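Visitor: I would like a close look at a single part of this protein, namely its salt bridges and the surroundings in which they sit. Please take me through them with some care.

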Amino acid sequence: MQFTRREFIKTAGLAVLLGPLFGKELLALENQGEEILGAAFRKVWRQTTLNKTLKFNSRSKHLEFSSGEDMTIRNDFFQGKLTLAKQPQSLLFFGHITDVHIIDEESPSRYAVLDSILTALDISSSGFHPQEALLFSSTDSMIRTLNRISLQANFDFLLNTGDSIDNAHKIELDWFSTAMNGGMIDPDSGNNEDPVKGPGNDGNDPLKAQGLLSNIPFYAAVGNHDVLYQGNIPPYLREVFNGIVEPILGKEFAIQDPVGDYTNGVIVPQATPHNPDELKPGKIAADARRASLSSEEFISSYIENSGERPVFGFPKNLAGESLAYYSTKPRATSPIRMIVLDTTSRVGTAFGIIDYDQFENFLIPQLEEAKRAGELVIVVSHHPSNSIMTLSRAKKAMVNICQRDEKMHRAMKQLASRMEDRSNTIDGNTFTNTLASYPNVFLHIVGHQHTNKITPIGGEKGYWEVQTSSLIGFPQQARLFEVVYEGNGIGAVHTSVVDHESSKDPLAAQCRELAYEDHHLRTDQSNRNSILRFQVPPEIAKKLEKQ
């Protein structure tokens, strides 16, 4: 059932609300709104798509801000009437970004020249993006937007669920770290080009990033593009990969040396996007900063850039580790534990992989500890549950994806046979069934698939899986979360997506326009702005009632 905004005006109160909650009319309904929204959302909802959102204007042929979207209230885990407390008790407030894909567009190890081939075969659509050269501006624009929100209602932290960078290059991570911490970014590698003469008017001009406010902890998960070429091939396997694909598919399918001077498709920065079908192989200026990152280097580099920030990416005790899974209690006064998993396979494939060691010796003990401590649990990973599988199944899926082309199918079969099984891994059903078996688990936050999506998982005492769209593809949105306790054993996740305010940065606005032209499918609005209710275990509810 869904209520219109007009019906909400008539029925807002302490009763059950089962549909869209509010839009601009809330400006005249702040008293009623306070009975439903958490303390943080009451301050910042006007900065979200609940107030205004971008829509394509067929007359101007541009994206323009229009009226906001409704909030959908979901009671999937309840039956019958709910009696709610008068004012929700705020437990946690934070932001979420994912899949930024900061990219060195001139890197020789890219697959840009193959973009149309791989897209036509439904194998990949990430070889080339017309907006990629402008990502520094749109990322900075989003961070500035999130800073303004945090100044209105303090973030407990900002969460990034991986694919911060596109092709496992050191220079990409250096750029991303500067974008997050603030400072000058010169988004050029190789030769120093200036496609449009003058400062601040093209994607290769130096940019002063504002950086995330220094008092906000920044937690991260590892994504497949962070440590794998093209998000699929580990750097140590590059020569093996090339030895398989070159004889079968041709030299253009080889991953060239990232610090070398030869590329399958020369990209010289220009004012307008390239046509990847017109790229030609050739020599380029080599750049040692394009060196590939090992997992250990990726994790340690994050930590080394912490500066004065309480946390930057990963806890400091993970320096030198090859996998980044950890837990934290983001707000000391709230009984909430956040468990961050590392679901990226280090032997290859873009699918989500969890080995038995991480599952049995980390995840299960963390869930048991949280249960004994009377804590609610948020689980975080780059991959959503429908992308998590055993490594053997992932290798089969990688091969099957290529079955529309006989040569590519043959090459992937050979590659899969060379990918080593380093440890036993769990399947997706084991993962979701495990989380659903703990009634204190209420939320799984993910990225990877570049779309906004909300999925209830499990039975009556299940949990919500919430996915946020990427910052590289349209609509380039971030997401806000506020966890609240509504009384009577009822908890809720208030979530809404945020458009970056790019009115003062024409390059950021252009980046989003190009992303729209490249791909602009949108999910139903209930996957963007929702109140997601869940059952709070009695022993935790008693604790919250006393606060």
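Guide: What follows is a walk through the salt bridges, and then through the nonpolar core that one of their residues touches.

The model is a predicted one, and a search of the whole of it finds 15 salt bridges. A good place to begin is the bridge between Glu-375 and Arg-337, whose side chains meet with an N to O distance of 2.7 Å. These two residues are 38 places apart and link distant parts of the chain, since Arg-337 belongs to strand β13 (residues 336–340), while Glu-375 sits in the loop between α10 (356–373) and β14 (376–380). Both partners count as buried because each falls under the 20% limit for relative accessible area, Glu-375 with 9% and Arg-337 with 11%.

A second bridge joins Arg-533 to Glu-486, and here the closest N and O atoms are 2.6 Å apart. This pair, too, links distant parts of the chain, with Arg-533 in strand β20 (residues 530–535) and Glu-486 in strand β18 (residues 477–487), 47 residues apart. Arg-533 is buried, its relative accessible area being 0%, and Glu-486 is likewise buried, at 3%. Returning to the earlier pair, salt bridges that share partners bring Glu-369 together with Arg-337 and Glu-375 in one network.

The bridge between Asp-76 and Arg-74, with 3.0 Å from N to O, has a mixed setting: Arg-74 counts as buried at 15% relative accessibility, whereas Asp-76 is partly exposed at 38%.

The surroundings of Arg-337 lead on to the nonpolar core. Arg-337 is among the residues touched by Ile-378, which also contacts Leu-92, Phe-94, Ile-336, Met-338, Ile-339, Phe-442, Leu-443 and Ile-445, when residues up to four places away in sequence are not counted. Ile-378 is itself, along with Phe-298 and Phe-314, one of the residues with the most contacts inside the largest nonpolar core, which has 97 residues. Apart from that core lies another, of 35 residues, including Phe-253, Ile-267, Met-398 and Cys-402. In soluble globular proteins, nonpolar side chains tend to be buried together.

To draw the threads together, the buried residue Arg-337 shares a salt bridge with Glu-375 and is also touched by Ile-378.

Technical notes. Residues are numbered from 1 along each chain as its sequence is written. This is a predicted model: local features need pLDDT of at least 70, side-chain atom pairs count only at pLDDT 80 or more; totals for chains, interfaces and linings use all residues. Side-chain values use heavy atoms; hydrogens and water are left out. A nonpolar core is a set of buried Ala, Val, Leu, Ile, Met, Phe, Trp, Tyr and Cys residues joined through side-chain atoms within 4.5 Å. Buried means under 20% relative accessible area, exposed over 50%, partly exposed in between (1.4 Å probe, protein chains only). Contact means heavy atoms within 4.5 Å. A salt bridge is a side-chain nitrogen of Lys or Arg within 4 Å of a carboxyl oxygen of Asp or Glu. Helices (H or I, at least four residues) and strands (E, at least two) are DSSP runs, numbered from the N terminus.
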